[in-house]
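Here are three short exercises to work through with the model open beside you. Take each task first, then follow the solution step by step.

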Amino acid sequence: MTDHNAPRAEEPILDEEATGIDRPGLHAAAGERPKNEHFGEIIARNIERRSFLLGAAATVPVLMTAKLPGLSNEAQAAETAEDAIEAAAGKKADKLSFTPIQPTQADAIVVPEGYESQVLISWGDPLFEGGPEFAAGKQSAEFQAQQFGFNCDFVGYFPLEDDKSGLLAVNHEYTTGTDMFRDYAPGVKKFQADVEMAAHGGSVIEIKKSGGRWSVVKSEKYNRRITAETEMKITGPAAGHKLMRTSADPKGKTVYGMLNNCSGGKTPWGTWLTCEENFNQYFANAALVENEELKALHARYGVSTGATGRQWEKFYDRFDTVKEPNEANRFGWVVEIDPYDPTFVPKKRTSLGRAKHEAATCILAKDGRVVVYTGDDQQFDYVYKFVSKGKFDETNRKANFDLLDEGVLYVAKFHDDGTGEWLELSMNNPVLAGQFKNDGEILVKTRLAADAVGATAMDRPEDCQPNPVTGRVYLTMTNNSARTTLREDAGEVKANPRVPNPSGHIIEVDEAEGDHASTAFEWRIFLLCGNPEIDLKTKQKQLKPGLDSKATFFAGYADPAALGKVGSPDNIAFDGEGNLWIATDGQPSNADIGNPNDALHVVPTQGPDRGYLRQFLSGPKGCEVCGPEFSDDFKTLFAAIQHPGEGGGFPNTISRWPDDKPYARPAVIAVKNSKGKKIGR
């Protein structure tokens, strides 16, 4: 997800996400690290034929049977045959049937014919009865703490009594003061910093449906605002570690607030996992830290070497690493919250590791243990999963509330033969036992531990989602313009095959024996995003190490003329049939696909339409589409529209969405079929 706070360019408050695409040189700014094998090198090394879009099976003409990266001919043939049998048996009769929309630059939500969208809640809307209404340019911290926050990202739906009521848990990732205030002056006007802090965090809102439309209930029972100053507990092995202690919290077990919460997930027991991503940009002056261990740690996480863009450090010492060297270590975690209980104290679950977390998506292993997948959204960083020690208890919800405090964290290593392994990040790993003192230190320094064991460096790992129908896991790599040369690690090359990679790609993973707790897996490229029309014009017949940046692949779908154009995949979600819904972050900067607005696409993962990608929704100008989420009956699609009118200031010169007024407001929308059908049908 993006954080677009000024200033841009080389200043350390922003990483590669600042423009929706990544920028060369930022990897080095995040600290030196070993040149572990890169996923792209693995893919390109063993590819012999440029037949992605050329071949087709005689029995199933829309599926391609040429050898694909990470999948043997035999395995692919078996998969094709399985899909054909299922299709013939009518198991996929509920096919996507909407008419795809065309890419657009309209300042509006655009959906297919037969669908309609509504704005459910926008920045500044009150959450409580009698709460303050939004007043453009006149926000206060007191008001903002009672209102829906800024730049919404993850959206999680939690049902209540029936399919006509529920809760939405929504992340508020970051603020851009220039879009909130007419006279933004970071480091000068404290009240502006206070409003920004109150606009971060998350919201829980009750919603109900009547006459086919949803509305927000200003509920005292459920509604809640969580901000950058909400008290939270630090739990798990890193709780109390010396690297987590500050002058305000000498025990290292209590922290205030969560920052830059991007995507997230939901647990089987109905709690909300919200992920701290680009926390590094909130902490200043890391270059002046005297302790060399801390200085190196902050460098690896890209903590600002000088002043930050928002300059909260001018008013609050905890954001100055010279005054509070450990405070930054208390961010970058996955936070668990019970949306049904507004008194619940949020828990930072350190067992899941410290990174620029994107998603935290859950699935049960065969024996009932909980598995959580997450990505570290930085150029050349890693994919992780956590496996709990305890097992899920479906009979006692509260018995599961501490499951994420004990277990094993792993990082992914991709091999160039289409296999991979999960490497343990604990003192049980002899590679780490000689470099770290305890598990708490490993978790605070998760990136350094992953470097040490030789994890595979990826093209900005974002969402990591298990398909609820097939069990396969899908990993989105948003893009990586800094991948300008082939790396030494062949596994990395094959899994990140394009040099550079402006459009991103998606990887499909099968855990060994279908068990998500396994430490071995097989993988293949599912999508190489971009413009298939441009790729066809190049007429390249051979794949060589380091694919051209314009190369595309859509799971072998054989009719490129029917395919949509997609760039920079970010959040993903699955519907009830296992179709993959892809939200984008960066299409407006991708000339290969015509610089359209960011959007929502869908692609089947099984059957004869596997790989047939189509566009379903387009967001307004300057926005990023986030957090696609379905209601339990799959008749409503929720999505967050983040930073509409990005860069347009206040008043906004780019977008007037959603109020047709001279300012833009982030918002959550709901989309439905006008005939009450499931989304996409």
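**Exercise 1.** In this predicted model, decide how helix α9 (residues 446-453) sits: enclosed or open?

*Solution.* Start with the cut-off: a residue is buried when its relative accessible area is under 20%. Next, go through the helix: Thr 446, Arg 447, Ala 449, Ala 450, Asp 451 and Val 453 are the buried residues of α9. That makes six of eight residues, so α9 is largely enclosed by the rest of the structure. Finally, step past the end of the helix: Gly 454 follows α9 and has a positive phi, near 85°.

**Exercise 2.** Find the strands that pair with β22 (residues 505-511), and say how covered β22 is.

*Solution.* Begin with β21 (residues 473-477): five bridges join it to β22, and the two run antiparallel. In this pairing, Thr 476 lies opposite Ile 506 of β22. Now turn to β23 (residues 520-528), which is joined to β22 by seven bridges, again in an antiparallel arrangement. Here Asp 510 faces Glu 522 of β23. As for cover, six of the seven residues of β22 are buried, which leaves the strand mostly covered.

**Exercise 3.** Which residues gather with Asp 162 in a patch of negative charge on the surface, and is Asp 162 buried, partly exposed or exposed?

*Solution.* First, list the partners: Glu 161, Asp 163 and Asp 632 join Asp 162 in the patch. Second, place Asp 162 in the chain: it belongs to the loop between β2 (152-159) and β3 (165-172). Third, classify it: partly exposed lies between 20% and 50%. Asp 162 has 40% relative accessibility, so it counts as partly exposed.

Notes. Residues are numbered from 1 along each chain as its sequence is written. This is a predicted model: local features need pLDDT of at least 70, side-chain atom pairs count only at pLDDT 80 or more; totals for chains, interfaces and linings use all residues. Side-chain values use heavy atoms; hydrogens and water are left out. Helices (H or I, at least four residues) and strands (E, at least two) are DSSP runs, numbered from the N terminus. Buried means under 20% relative accessible area, exposed over 50%, partly exposed in between (1.4 Å probe, protein chains only). Two strands pair if DSSP finds at least two bridges between them.
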